[in-house]
Amino acid sequence: MAARAARAATIADRLAVVHPGASCSLDFDSPYQLVIATILSAQCTDKRVNLVTPQLFARWPDPRSLAAAKPAQVEGVIRSTGFFRAKAKSLLGCARGLVDRHGGEVPTTLEELVRLPGVGRKTANVVLGSAFGITSGVVVDTHVGRICRRLGLTKHTDAVRAERDLVRLVPRDHWIGFSHRLIEHGRTVCPARGPRCEQCPLADLCPRVGVKTARPAR
DNA sequence: ATCCCGAGGG
DNA sequence: CCCTCTGGAT
């Protein structure tokens with residue numbers, strides 16, 4: 001549908017003005033660190049993840065050391081990110097997968113990444129895009145899905161179906177930037193609760209059905 | 001009470 | 001398809 005593609009282009013252009021340098025807000029300085037940080041980011045703010053990763057990477061600086069770590073010790077360090085047992089299990093399994101199948105390096109294809117414990121399509125897209133500069137798809141996280149539904153770019157709540165719509169609407173070379181700007185927009189202007197519609201550059205494109213404006217001023 | 005840059009398991 | 005995992009923030 002050409003009309004929706006034009007709408008998507010308008011949205012992408014305006015977000016590029018407001019969030020020009022939007023990028024991954026997780027702290028990392030290697031692909032290994034980004035994989036770990038992104039696994040931890042599930043149902044958790046990046047800010048919270050950035051609070052625990054320095055300790056994590058200081059104690060277990062590479063896949064080999066992390067694969068040999070005691071689960072209980074890892075759980076202790078990552079506890080505040082929530083889902084700490086499942087996440088610790090994923091981290092150890094992921095580290096083991098990196099060592100066993102990839103010589104301790106992070107693979108650069110979606111198929112290999114998704115095979116690692118704790119790494120789903122969203123995490124794989126983030127890692128490929130931000131650690132390697134590889135465009136593999138649109139990152140559809142909770143923000144991207146919610147905003148694109150509000151704006152009528154997709155009707156799907158399922159992330160895979162939403163992504164299928166978005167990759168058709170947005171030119172391939174804009175996929176990563178579009179993703180990061182939507183995520184930034186979601187964090188700063190259009191969160192699930194209390195969207196700040198009065199300062200949203202997309203307000204005229206948004207139905208805002210049943211959306212309450214932030215803060216009843218008191 | 002509901003949401004946070006999800007993923008795995010039944 | 002659903003359910004579960006979990007602490008922190010609002």
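In the predicted model, a phosphate oxygen of DNA strand B lies 2.8 Å from a polar backbone atom of G118. Two further polar contacts involve the bases of this strand. A polar backbone atom of Q43 is 2.9 Å from a base oxygen of DNA strand B, and a base nitrogen of DNA strand B is 3.2 Å from a polar side-chain atom of D46. Two elements, α8 and α9 (142-150), give two or more residues to the surface near DNA strand B. The largest contribution to this surface is that of α8, with 4 residues.

In total, 25 residues surround DNA strand B, and those that come nearest are Q43, T123, H143, R146 and R193. Of the atoms of DNA strand B that come within 4 Å of the protein, 63% belong to sugar and phosphate. Sorted by class, the surface near DNA strand B comprises 10 nonpolar, 9 polar and 6 charged residues.

DNA strand C is surrounded by Q43, R48, R79, S80, G82, F83, F84, R85, A86 and R193. By class, the residues of this surface are 3 nonpolar, 3 polar and 4 charged. Helix α6 (residues 84-102) gives the most to the surface near DNA strand C, namely 3 residues. Sugar or phosphate accounts for 51% of the atoms of DNA strand C within 4 Å of the protein, and bases account for the rest.

Polar contacts with DNA strand C involve both phosphate and base atoms. An N or O atom in the side chain of R48 is 2.9 Å from a phosphate oxygen of DNA strand C. For R85, an N or O atom of the side chain is likewise 2.9 Å from a phosphate oxygen of DNA strand C. A polar backbone atom of Q43 lies 3.3 Å from a base nitrogen of DNA strand C. Q43 is thus listed around DNA strand C and is also among the residues that come nearest to DNA strand B. R193 likewise appears in the surroundings of DNA strand C and among the residues nearest to DNA strand B.

Within the protein, side chains of opposite charge can pair when their charged atoms come close. The count of salt bridges comes to 3. One of them joins D204 and R14, with the closest N and O atoms 2.7 Å apart. Because D204 lies in the segment after α11 (175-188) and R14 in helix α1 (residues 2-18), this pair ties together parts that are 190 residues apart in sequence. D204 counts as exposed, with 57% relative accessibility, whereas R14, at 27%, counts as partly exposed.

Another salt bridge is formed by the side chains of E163 and R121, at 2.6 Å from N to O. This pair also links distant parts of the chain, since E163 belongs to helix α10 (residues 159-169) and R121 to helix α8 (residues 121-132), 42 residues apart. E163 is buried, its relative accessible area being 5%, while R121 is partly exposed at 35% relative accessibility. Helix α8, which holds R121, is also the element that gives the most to the surface near DNA strand B.

A further salt bridge connects R187 with E184, the closest N and O atoms being 3.3 Å apart. R187 and E184 are 3 residues apart in helix α11, so about one helical turn separates them. The relative accessibility of R187 is 41%, and R187 therefore counts as partly exposed.

Conventions: Residues numbered from 1 in each chain as written. Chains lettered and ligands numbered in written order. Predicted model: local features only at pLDDT ≥ 70, side-chain atom pairs only at ≥ 80, totals over all residues. Heavy atoms only, no water. Near = heavy atom within 4 Å. Polar contact = N/O pair within 3.5 Å; in protein donor to acceptor, adjacent residues only side chain to side chain. Nonpolar A, V, L, I, M, F, W, Y, C, P; charged D, E, K, R; others polar. Salt bridge = Lys/Arg side-chain N within 4 Å of Asp/Glu carboxyl O. Buried < 20%, exposed > 50% of the residue type's maximum accessible area, 1.4 Å probe, protein only.
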